[in-house]
Amino acid sequence: MDFIANLPPHFFRIPIALTLVISLVFINALIMVYLERKIAGHMQFRLGPMEVGWHGLLQTAIDAVKLMSKQLIVPDKAHTRLFRIAPLLAFTPAVLPFAVMPFAPNLQAVDINIGVIFIIAMASLNVMAIFVAGWASNNKYALLGAMRSVSQNIAYEIPVLLSLLSAVFVVGSFSLGDIVGYQGKIWLFIVQPLAFLIYFVSSVAETNRAPFDLPEAESELTAGFHTEYSGMAFALFFLGEYTEMFVVSSIATAVFLGGWHGFPLPFFEYSSVVWFLLKTYFLMFLMIWFRWTFPRVRFDQLLNFSWKYLIPFSLVNLLITAVVVKL
Amino acid sequence: MKKYFGELFTGAKSLIEGMIITIKAFFSPVVTVQYPREKNIIPDAYRGHVVMVLNEKTGEHKCIACGTCERACPSNCFKILTEKKEGEKKKTLTAFYLDFTKCSLCGICVESCPVGAIEYSNEYNLAGFTKEEFHYDLLKCLKETSC
Ligand code: SF4
Ligand code: SF4
């Protein structure tokens, strides 16, 4: 027993946290895919899935079973090993940011002092997965999609970093726990509205979702970087995309929308988690709303928007923030 | 500089307008009809295949077996079988065949009938594996109220 008692607390904390996180990832994907279809349906005067389960509730679960039962086809001239690694690469970094996410005052696996940087680093690994997938597929559409993804992510990583940096300047810490703690008085969204806007727009681009879904533009590139993927490998990319949505929305919640702060709800003890999830899902609803409203941008428009508008604006914002904080 | 901010402003405005349209659509009623469970209301003017009209008073068809419709039909869809019974002046109808595979729903038969014995149905759920499934005996249809 002594042996167990002497183990550092992280020894238990991290496996438990990871188990919870992975179940959260799967449940989130199930919910989001269902919501996406339903919301898309209603925005087009349709009903969305209705047949499997009550109002189609089980549709996503059934689809997941279908994907699992499908054969994993590796194209003849593809680079087999890279081709197989790419979906895992897409999925793993998407899960890791949850380790530092402050869901509630006591619900955070680890509060490392460079939380924001850690999340950004992990989120940008996703690009590598896309590039590996596109390269290994040995398919012109996949390669074009991957190339687009890389240039898009370089263009949009910068505004994300700069806008988060403005928030970090105000708080004076990279730790997500500190950033949320700071917002007890006033949400950073009110102090830094421009940074929030820039962050949110660029993070939609980071997740490769419409209107910035050029890497998988189906009308031009069949399915872009995952053209050659089938079955569970495709499902992992899909899962990665929805997890990434959750990650960027929860960063936005933690950094700009006050994290778990909110007036106590009837479920007093859990109200902070409820607040966090409510805000996060609201942001994800916004993303779905964007997707079913805006047409896809052209590639030059995409890059122009980032280099001509988002980056200059976030730089100016950062400069002003720095001056104000210093004064 | 003016163009730079102008583009930003008009762009943002158009995006917000678009979002207002979709959110309105989101909260408006759906137009989907869940077909096998729900059915559309068929308008009165709908032209389904021809059926015989039931005479409310006698509970019989109104056809006088004159054969006008048979002759009027441009596609020769009808085949009318009649019989003259002993001691009766008029012919009686024994079978009224319609080959719906040839019908163009032109309506000449309905127009030409002197007593208004036939009309369009509003039957649209038609599917079959053989041509013969669309050869109806309208007289039987009237009695069994099915086809
Ligand atoms: S609708 Fe025209 S084609 Fe059809 S049975 Fe009547 S007359 Fe013939
Ligand atoms: S349906 Fe009308 S036109 Fe045709 S045989 Fe009967 S009465 Fe004559």
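Begin by selecting ligand 1 in this predicted model, and then show the residues that surround ligand 1, which are B:Cys73, B:Pro74, B:Ser75, B:Cys77, B:Phe78, B:Cys103, B:Ser104, B:Leu105, B:Cys106, B:Gly107, B:Ile108 and B:Cys109. If you colour this shell by residue class, you will find 9 nonpolar residues and 3 polar ones around ligand 1, with no charged residue among them.

Next, move to ligand 2, where 13 residues make up the surroundings, and where B:Cys63, B:Cys66, B:Gly67, B:Cys69 and B:Cys113 come nearest. The shell of ligand 2 divides into 11 nonpolar and 2 polar residues, and here too the count of charged residues is none.

From the ligands, turn to the place where the two chains meet, and select the 19 residues of chain A and the 18 residues of chain B that take part in the contact. Together, chain A and chain B bury about 1700 Å² between them, and 70% of that area lies on carbon and sulfur atoms. On the side of chain A, it is worth showing A:Phe45, A:Trp289 and A:Tyr309 as sticks, since these residues supply 34% of the area that chain A buries against chain B, more than any other three residues.

Which side chains meet in a salt bridge? Select A:Glu51 and B:Arg37, whose side chains come together at 2.9 Å, N to O; across the interface of chain A and chain B, the rule finds 1 salt bridge. Polar contacts can be looked for along the interface as well, where 8 residue pairs are found, with both residues at pLDDT 80 or more. To place the chain A side of this interface within the fold, highlight α2 (10-43), α12 (271-291) and α13 (299-326) of chain A, which are the elements that give two or more residues to the side touching chain B. The residues on that side of chain A comprise 14 nonpolar, 2 polar and 3 charged.

For the last stop, stay in chain A and select A:Ser230, which is found in the loop between α10 (218-221) and α11 (231-255). Is A:Ser230 buried or exposed? A:Ser230 counts as buried, because its relative accessibility is 17%, and the cut-off for buried is under 20%. Its side chain reaches the backbone oxygen of A:Gln71 at 3.0 Å. When neighbours within four places in sequence are left aside, A:Ser230 is in contact with A:Gln71, A:Leu72 and A:Ile73, and showing these residues together with A:Ser230 completes the view of this site.

Note on methods. Residues are numbered from 1 along each chain as its sequence is written. Chains are lettered from A and ligands numbered from 1 in the order in which they are written. Side-chain values use heavy atoms; hydrogens and water are left out. A residue is near a molecule or strand if one of its heavy atoms lies within 4 Å of it. Ala, Val, Leu, Ile, Met, Phe, Trp, Tyr, Cys and Pro count as nonpolar, Asp, Glu, Lys and Arg as charged, and the others, Gly among them, as polar. Contact means heavy atoms within 4.5 Å. Buried area is the accessible area (1.4 Å probe) that two parts lose on being put together, summed over both. A salt bridge is a side-chain nitrogen of Lys or Arg within 4 Å of a carboxyl oxygen of Asp or Glu. A polar contact is a pair of N or O atoms within 3.5 Å; within protein, one must be able to donate a hydrogen and the other to accept it, and residues adjacent in sequence count only if both atoms are side-chain atoms. Helices (H or I, at least four residues) and strands (E, at least two) are DSSP runs, numbered from the N terminus. Buried means under 20% relative accessible area, exposed over 50%, partly exposed in between (1.4 Å probe, protein chains only).
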